[in-house]
Amino acid sequence: MVVDDDSDIREFVSDVLEAAGCEVHHATDGEQALIHASKFRPDIVYLDIKIPEQFGWLVCAKLKLVEPSPTVILMTGLDCDELDDFSKFVKANNVLRKPFSADDVLAFISGVSV
């Protein structure tokens with residue numbers, strides 16, 4: 001699942017994943033992300049931190065409460081010293097810093113059922 005309110009980023013990540021054979025669902029905000037996650041049970045979630053309705057940090061923490069929890073890759077353009085600490089706190093699996101390439105996106109799907 002790809003969650004981002006920026007349609008260009010959402011489409012780019014989705015296109016890369018679909019080309020790799022993944023089934024991709026989309027959400028533009030935190031509420032949609034949680035609804036889609038409960039309905040489709042994604043294996044991996046590419047989640048923007050700055051999204052409407054529920055901040056990506058909160059969405060990540062909620063996704064990680066579900067068993068089995070998906071792999072969550074936080075996407076961000078933020079560059080702050082606390083980023084790694086926050087991502088560990090909400091149990092994100094990794095952080096994908098913007099701007100990123102198709103290879104960067106694909107690096108996270110090895111070992112994940114797609």
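## Secondary structure and overall dimensions

Five helices and five strands make up the protein, which is seen here as a predicted model. Along the sequence these elements follow the pattern β-α-β-α-β-α-β-α-β-α.

The radius of gyration is 13 Å, which agrees with the value near 13 Å that a compact globule of 114 residues would have. Taken along the principal axes, the box filled by the C-alpha atoms is roughly 35 × 30 × 25 Å. The accessible surface comes to about 6,200 Å², and 50% of this surface belongs to carbon and sulfur atoms. Of the 114 residues, 43% count as buried. Among contacts between residues at least 6 apart in sequence, 57% join residues at least 24 apart.

## The parallel sheet

The five strands form an open sheet in the order S2-S1-S3-S4-S5, with parallel pairing. Strand S2 (26-27) and strand S5 stand at the edges; each has a single partner strand, so one side of each is left without a neighbour in the sheet. In general, the strands of a sheet pair through backbone hydrogen bonds, in either a parallel or an antiparallel manner.

Strand S1 (residues 2-3) runs parallel to strand S3 (residues 44-48), and two bridges join them. Within this pair, Val3 has Leu47 of S3 as its bridge partner. Strand S4 (residues 71-76) and strand S5 (residues 94-97) also run parallel and are joined by four bridges. Here the bridge partner of Thr76 is Arg97 in S5. Between S4 and S5 the chain passes through helix H4 (residues 83-89), and this β-α-β crossover is right-handed.

## Two nonpolar cores

The largest nonpolar core holds 19 residues, of which Val3, Leu47, Cys60 and Leu74 touch the most other members. Helix H2 (30-40), strand S3, helix H3 (56-63) and strand S4 are the elements that give two or more residues to this core. The greatest contribution comes from H3, with four residues. A second core, separate from this one, has 16 residues, including Val2, Ile9, Leu17 and Phe100.

Two residues illustrate the surroundings in these cores. Leu47, a member of the largest core, touches Val3, Gly56, Val59, Cys60, Val72, Ile73, Leu74 and Met75 when residues up to four places away in sequence are not counted. Val3 is thus named both as the bridge partner of Leu47 and among the residues that Leu47 touches.

Ile9, which belongs to the second core, is found in helix H1 (residues 7-19). With neighbours within four places in sequence left aside, Ile9 is in contact with Asp4, Met75, Lys98 and Phe100. Met75 is also among the residues touched by Leu47. In addition, the C-alpha atoms of Ile9 and Asp48 are 9.5 Å apart in space, whereas the two residues are 39 residues apart in sequence.

## Cis peptide bonds

Most peptide bonds are trans, and most residues other than glycine have a negative phi. Against this background, the bond from Glu67 to Pro68 is cis, with omega near -5°. Pro68 lies in the loop between H3 and S4.

A cis peptide bond also joins Lys98 and Pro99, where omega is about -5°. The place of Pro99 is in the loop between S5 and helix H5 (102-106). Lys98, on the other side of this bond, is one of the residues in contact with Ile9.

## Residues with positive phi

Glu53 has a phi near 75°, a positive value in a residue other than glycine. This residue, Glu53, is placed in the loop between S3 and H3. Glu53 counts as exposed because its relative accessible area is 59%, and the cut-off for exposed is over 50%.

Lys91, likewise not a glycine, has a positive phi of about 65°. The loop between H4 and S5 contains Lys91. With a relative accessibility of 57%, Lys91 counts as exposed.

Terms used
Residues are numbered from 1 along each chain as its sequence is written. This is a predicted model: local features need pLDDT of at least 70, side-chain atom pairs count only at pLDDT 80 or more; totals for chains, interfaces and linings use all residues. Side-chain values use heavy atoms; hydrogens and water are left out. Two strands pair if DSSP finds at least two bridges between them. A crossover is right-handed if, with the strands pointing away from the viewer, the path from the first strand over the helix to the second runs clockwise. The radius of gyration is taken over C-alpha atoms; the globule rule is 2.2 Å times the number of residues to the power 0.38. Buried means under 20% relative accessible area, exposed over 50%, partly exposed in between (1.4 Å probe, protein chains only). Contact means heavy atoms within 4.5 Å. Accessible areas come from the Shrake-Rupley method with a 1.4 Å probe; for residues, only the protein chains shown count as cover. A nonpolar core is a set of buried Ala, Val, Leu, Ile, Met, Phe, Trp, Tyr and Cys residues joined through side-chain atoms within 4.5 Å.
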